[in-house]
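Trainee: I have a chain to go through. Can we take it step by step?
Mentor: Yes. Here it is.

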Amino acid sequence: MSPTIDFNTLFNLNTFIELLLGISLSAAAGFRVFVPLLALSVASVVGHLDLPTDFDWVETPQALIVFAIACLLEISGYYVPWLDHLLDIVSTPAAIIAGTIVTASLAPEMNPLAQWTLALVAGGGTAGLTKGLMNILRLGSTGVSGGLTNPVFSTTELVIAIVLSVLAIALPVVAGIIVIGVLIIAIQRIWKFFSSKSSSQPNQTVSS
């Protein structure tokens, strides 16, 4: 029988902190997909985090090794000139999936439908917004420098992902406040990007 939602469990300080932790790690997934997953696995393996039974696999040494290898491959791929753009395309849905999984693993016990809906909206949505912001910024960086600054941009993304992941696990409230600020910026930049695209299309139509 599926567990029902206990609102006393859902709305308390511990749950709020866990949600901030999940959202912060999800935001980190928007910068590098496997860095927050690796951080979550390390924290659970050493006993800092106790994940639900459904996510016991994250706490295994095998999962830790897989995440570490995937993390190294992802980091290396962003320093290959033609591969970084391909990774951006692939990592956008991957970041949303990673954010959803991370948030679901930290969500309080509830009905699975509610749990995964919350995880998709809060975690997947956060990862999607941060990834969308970085895609727009990378596009602008590539356009200005012809791709010469992409390694610097990739290093900056990596540093942010590591710092945010560590901060999320150590100080989730602080990380959550930072992420909220990043999300506000992301929404503004993404809205501005698509607004400028839509406004330029009528002008192109008229000129043609």
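The questions below go from the whole chain to single helices.

Trainee: How many helices and strands does the chain have?
Mentor: This is a predicted model. Along the sequence the pattern reads α-α-α-α-α-α-α-α. The count is 8 helices and 0 strands.

Trainee: What share of the residues counts as buried?
Mentor: Buried here means under 20% relative accessible area. The chain has 208 residues. The share that counts as buried is 41%.

Trainee: Which helices do the buried residues of α3 pack against?
Mentor: Helix α3 covers residues 34–45. Its buried residues include Val35, Leu37 and Leu40. The packing partners are α2, α4, α5 and α7.

Trainee: How far does α3 reach from its first C-alpha to its last?
Mentor: α3 has 12 residues. At 1.5 Å a residue, 16 Å is expected. The reach is close to that, at 16 Å.

Trainee: Which residue just after α3 takes a positive phi?
Mentor: Look just past the end of the helix, where phi is about 95°. The residue is Gly47.

Trainee: At what angle do α2 and α6 pack?
Mentor: Their axes lie 7 Å apart. α2 passes α6 in a right-handed crossing. The angle is about 35°.

Trainee: How many residues of the contact of α2 with α6 are nonpolar, polar and charged?
Mentor: From α2 come Leu19, Ile23, Ser26, Ala27 and Ala29. They meet Ala122, Gly123, Thr126, Ala127 and Thr130 in α6. Gly counts as polar here. The split is 6 nonpolar, 4 polar and no charged.

Key. Residues numbered from 1 in each chain as written. Predicted model: local features only at pLDDT ≥ 70, side-chain atom pairs only at ≥ 80, totals over all residues. Heavy atoms only, no water. Helix = DSSP H or I, 4+ residues; strand = E, 2+ residues; numbered from the N terminus. Expected span 1.5 Å × (residues − 1). Buried < 20%, exposed > 50% of the residue type's maximum accessible area, 1.4 Å probe, protein only. Contact = heavy atoms within 4.5 Å. Axes fitted to C-alpha atoms, helices over the stretch in contact; angles between N-to-C directions. Left-handed = near helix turned anticlockwise from the far one by under 90°.
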